[in-house]
Amino acid sequence: MFMKSSRKPLGLVAVAASLALMATACAESDRGDGGGEEQPFVFAAAGDIASLDPFLASDGETFRYSRQVFETLLEHESGGSEIVGGLAETWDQSEDGTRWTFNLHDNVKFHDGDDLNADAVCANFDRWFNLTGAYQSSNNSYYWQKIFGGFAENDEDHAPPEPRFVSCDAEDELTVTIEVSEYSSLYPGGFSLAAFGIMSPTSLEAMEGQEITGEEGNPTLPEYTQVPGTVAGTGPFTVEEWNQDQGEITMERFEDYWGDPAGFETMILRAIPDENARRQALEAGDIHGYDLVAPADVAPLQEAGFEVPTRDVFNLLYLAYQQDHEALADLEVREALSHAVNRQRIVDTILPEGGEVASQFHPDTLDGWSPDVREIEYDPELAAEMLAEAGHEDLEIEFCYPTEVTRPYMPAPKDIFDVITEDLQEAGVTVEAKSYEWAEYINQTDSGNCPLYLLGWTGDYNDAYNFIGTWFSTPNSAWGLDDEELFDKMEEVSTNPDQEERTAGYQELNEMVMDVLPGLPISSSPPSIAFSGDINPPNVSPLTQENFAEASWK
Amino acid sequence: MPTTPSPNPAEPGTTGTEEKVPFHQRKAAKVDRLAELMGDRGDDGHGAGIWREAFQRMRRSPMAITGAVIVALFVLIALFSPLIAPYSPTSQAWGNEVFPNRNEFVGPRGENWMGLDHLGRDMFSRMVIGARQTLLVGVVATLVGFLFGAVLGGTAGACSVLGGRWGRQVDNVVMRIIDMMLAMPTLLLAVTVAALVGPSLTTVMIAVGIAQIPIFARLLRGAMISQGNREYVLAAQALGVRKRKIALTHILPNSMGPVIVQSTLTLATAIIDAAALSYLGLGNPDASFPEWGTMLSEAQRFLSSAPSLAVYPALGIIITALGFTLLGEALREALDPKLRK
């Protein structure tokens with residue numbers, strides 16, 4: 001997932017907000033000594049959530065909240081990336097991989113008192129499949145379109161892909177069968193995505209008829225996604241209040257939860273965009289944990305008695321070459337630029353300990369990683385020579401980077417940008433710097449306006465397609481890449497039901513991608529998360545999918 | 001000699017009463033006071049020697065000398081920075097020696113007099129080249145404020161003096177707009193402009209310049225009105241000289257004195273404002289080219305492990321702004337007949 005942050009208008013707002021937060025961070029904490037049961041647990045994230053209904057979201061901050069409130073059919077094991085049962089106790093796939101049967105847990109209650117049963121699950125899938133109008137925009141149903149394709153009636157304006165979802169049937173009280181049109185390696189991982197959190201039938205009825213209004217690209221989401229009260233899941237926490245001015249969402253423990261009850265009575269997620277302000281808030285005792293710890297803060301925080309667990313590596317940072325740019329369409333230029341970048345230095349001096357130079361668009365912790373991809377050495381002289389050969393010795397190029405943001409795969413975007421810029425200039429390239437605030441940055445890079453840009457990805461689930469398939473399965477403006485051979489191979493491999501053949505296929509694909517060189521994979525690095533000393537932290541997840549119900553006061 | 005003059009509390013507009021009036025009125029009063037100064041000359045028999053006399057007085061003022069030395073040093077460093085800087089300010093030649101991810105930095109040493117920054121660039125070279133950027137921004141911003149302010153204020157002043165009833169109406173409208181701008185804190189105005197135009201070095205110059213317009217406009221207009229009542233203007237009118245000519249060749253040149261003094265003071269605020277805008281990320285997006293405000297904002301992240309990265313640019317900004325302020329204030333005092341013996 002990109003972890004798109006909420007749609008904030010201008011850098012100005014962010015600046016004002018961070019100044020205000022810095023001011024409050026300096027204030028004396030009014031918290032008493034020792035954590036009491038009744039005291040709320042406050043966790044700071046880098047951004048506010050976008051919608052109370054995770055189906056409409058594609059960003060990590062929204063999913064962090066929704067994972068506490070809603071549950072999905074399948075989940076990842078606590079602290080790992082293996083798929084385990086969620087609401088489904090067991091599950092099964094048909095031979096051809098198109099029919100998925102889920103046996104649901106018994107005695108599961110929604111927050112509003114409804115019972116979880118097969119009909120409730122199908123009501124959710126049927127609602128998603130039958131959505132119309134602006135819901136079909138890829139901005140508002142990103143993950144549905146990625147996993148299940150289009151809708152019952154595809155709207156021409158938004159042109160979603162052909163539907164892959166066929167039907168959802170309630171076999172009996174607790175057995176659900178979901179049919180898809182063809183096998184794909186998107187399943188079963190897709191059933192674990194937080195976007196497909198199951199909601200109660202009562203809340204689904206209340207949502208009916210609520211439409212997304214406003215312009216494309218700047219939609220006004222319906223009321224149920226903005227005001228708590230309608231949405232109800234089965235998770236360990238219920239959502240009580242969302243204060244959008246403060247960027248603060250309050251959740252309460254759900255007493256009738258079917259599993260182990262949450263360790264905290266009240267949990268608050270608070271948005272603090274500035275990295276330093278987050279650390280200061282933790283040090284001052286205003287918050288009890290925060291995500292995206294700067295690499296340099298890890299050791300000092302640990303020395304000061306904070307818990308700073310490090311997640312396993314499951315992400316990738318890359319430098320993209322947008323091939324609509326005339327020079328970048330030339331493979332030799334892309335190779336030259338790749339030789340110019342000193343990736344080892346970025347890993348050694350900027351990324352957290354445990355980071356590694358990436359040899360391909362795929363972290364080595366995931367099946368499908370190939371040991372045989374071609375190596376790209378750092379060699380500035382060779383880079384300059386190759387540029388001259390390609391006739392681009394005085395290449396001038398725009399290079400974009402995001403401001404006021406840190407991502408799990410990219411702790412200090414500006415520093416990484418500066419290092420790469422210097423490397424490119426050493427090779428004789430003239431770089432024109434362009435910076436955008438995060439939400440705008442995603443728009444600009446997505447629509448192909450940046451020839452060179454930095455971006456990355458944290459895996460959603462344990463499958464190679466979630467990495468290379470996300471980028472290189474269809475022609476798109478973010479890469480300006482149009483390689484039929486690669487796309488066909490991707491399609492062929494991802495629809496092969498045989499696990500072993502598929503893994504071998506992904507290895508070949510990784511080798512192919514590195515030969516095409518649509519961008520330069522830079523690194524995979526482990527992001528850290530911090531908690532105050534009086535907390536038993538939850539298991540940290542390589543997928544950044546922590547379950548905060550596991551945490552408690554010491 | 002009035003080297004450290006005490007303000008006269010009975011006189012509105014001088015420092016003694018400033019605390020009691022609202023901020024923008026205080027600012028306006030100060031500007032008006034400066035505008036009056038030139039109008040008063042001649043009455044006490046000093047005539048054209050005012051600049052020479054002011055220079056004499058400043059030579060004996062330690063405040064003025066300190067200011068002048070700082071400003072001179074700063075300008076020299078800025079002008080000759082490419083010759084002074086030992087290395088390229090953007091070269092990350094020592095990039096493998098600093099580890100911001102582990103809080104390992106390199107302090108001052110023989111090779112690098114002020115140490116290395118977080119990307120392994122020579123801090124001393126960056127400071128020296130940064131001085132040039134700072135001076136450039138300050139001067140251009142002041143020029144923008146000066147030019148637009150002079151046009152607006154000059155029009156208003158000329159209309160008020162020579163334009164009759166219609167002219168006074170024009171003056172009224174222009175000045176009310178200027179008053180509105182003056183009521184807005186300069187930094188807020190500059191941030192608004194910069195946020196609207198988008199971040200770049202040009203933006204900073206324009207934004208800071210725009211924020212200075214009302215001060216220059218009000219100053220020039222005040223000075224022109226005070227000139228307008230003088231006999232030579234009456235004489236020129238009686239001789240039938242055209243109004244435009246009176247305004248441009250008679251009144252305007254005689255009113256420029258206070259505006260020039262203000263320019264020195266404005267340079268100081270412009271440098272601080274420009275640094276503030278860069279600090280807030282509204283400056284040059286390519287921060288590899290050094291600018292003190294941007295350097296300060298980048299160093300903030302490393303404040304606990306490498307405070308010197310922030311201290312150098314901060315000192316640079318403080319000392320430079322102090323130099324211009326001391327010089328400007330000394331000039332203002334030297335020119336103020338009320339403070340003369």
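**Exercise 1. Which residue is the bridge partner of T238(A) in β11(A)?**

Before we start: this is a predicted model, so treat each solution as a reading of that model.

*Step 1.* Find the two strands. β10 covers residues 237-243 of chain A and β11 covers residues 248-253 of chain A.

*Step 2.* Check how they run. They pair in the antiparallel sense, over 6 bridges.

*Step 3.* Go across from T238(A), and you land on E252(A) in β11(A).

*Step 4.* Now look at the link. β10(A) and β11(A) make a hairpin, with 4 residues between them. In that turn sits G247(A), which has a positive phi of about 65°.

**Exercise 2. Starting from β11(A), walk over to β12(A) and name the partner of I249(A) there.**

*Step 1.* β12 is made of residues 266-271 of chain A, and 5 bridges join it to β11(A).

*Step 2.* This pair runs antiparallel.

*Step 3.* Opposite I249(A) in β12(A) you find L269(A).

**Exercise 3. Lay out the open sheet that holds β10, β11 and β12 of chain A, and find its edges.**

*Step 1.* Put the 6 strands in order: β10-β11-β12-β1-β13-β20 of chain A.

*Step 2.* Pick out the ends. β10 and β20 (529-531) of chain A each have a single partner strand, so one side of each has no neighbour in the sheet.

*Step 3.* Ask about direction. The pairing is mixed. For the parallel sense, take β1 (residues 41-45) and β13 (residues 289-291) of chain A, which share 2 bridges. Here A44(A) has Y290(A) as its bridge partner in β13(A).

*Step 4.* Add the twist: on average, neighbouring strands of this sheet are turned by 20° against each other, direction ignored.

*Step 5.* Place the helix. α2 (residues 60-69) of chain A lies across β1, β10, β11 and β12 of chain A, and runs at about 140° to β10(A).

**Exercise 4. Split chain A into its domains and describe where they touch.**

*Step 1.* The domain assignment gives domain 1 as 11-291 + 530-553 and domain 2 as 315-524 of chain A.

*Step 2.* Their C-alpha centres are 30 Å apart.

*Step 3.* Count the contact: domain 1 of chain A puts in 21 residues and domain 2 of chain A puts in 17 residues.

*Step 4.* Sort the domain 1 side by class, and you get 8 nonpolar, 9 polar and 4 charged residues.

**Exercise 5. Why does the radius of gyration of chain A agree with a compact globule?**

*Step 1.* Chain A has 554 residues, and a compact globule with that many would have a radius of gyration near 24 Å.

*Step 2.* The value for chain A is 23 Å, so the two agree.

*Step 3.* For the outline, the C-alpha trace of chain A spans about 70 × 60 × 45 Å along its principal axes.

*Step 4.* For the inside, 53% of the residues of chain A count as buried.

**Exercise 6. Profile chain B next to chain A, then describe their interface.**

*Step 1.* Count the elements. Chain A has 15 helices and 22 strands, while chain B has 12 helices and 0 strands.

*Step 2.* Check burial: of the 341 residues in chain B, 50% are buried.

*Step 3.* Look at sequence separation. Among contacts in chain B with a separation of 6 or more, 71% come from residues 24 or more positions apart.

*Step 4.* Turn to the interface, where 23 residues of chain B contact 21 residues of chain A. The chain B side has 9 nonpolar, 11 polar and 3 charged residues.

Conventions:
Residues are numbered from 1 along each chain as its sequence is written. Chains are lettered from A and ligands numbered from 1 in the order in which they are written. This is a predicted model: local features need pLDDT of at least 70, side-chain atom pairs count only at pLDDT 80 or more; totals for chains, interfaces and linings use all residues. Two residues are in contact if their C-beta atoms, placed from the backbone, lie within 7 Å. Ala, Val, Leu, Ile, Met, Phe, Trp, Tyr, Cys and Pro count as nonpolar, Asp, Glu, Lys and Arg as charged, and the others, Gly among them, as polar. Two strands pair if DSSP finds at least two bridges between them. Domain bounds come from an automatic or database domain assignment. Axes are lines fitted to C-alpha atoms, for helices over the stretch in contact, and angles run from 0 to 180 degrees between N-to-C directions. The radius of gyration is taken over C-alpha atoms; the globule rule is 2.2 Å times the number of residues to the power 0.38. A residue is buried if 20 or more other C-beta atoms lie within 10 Å of its own, exposed if 12 or fewer, and partly exposed in between; C-beta atoms are placed from the backbone.
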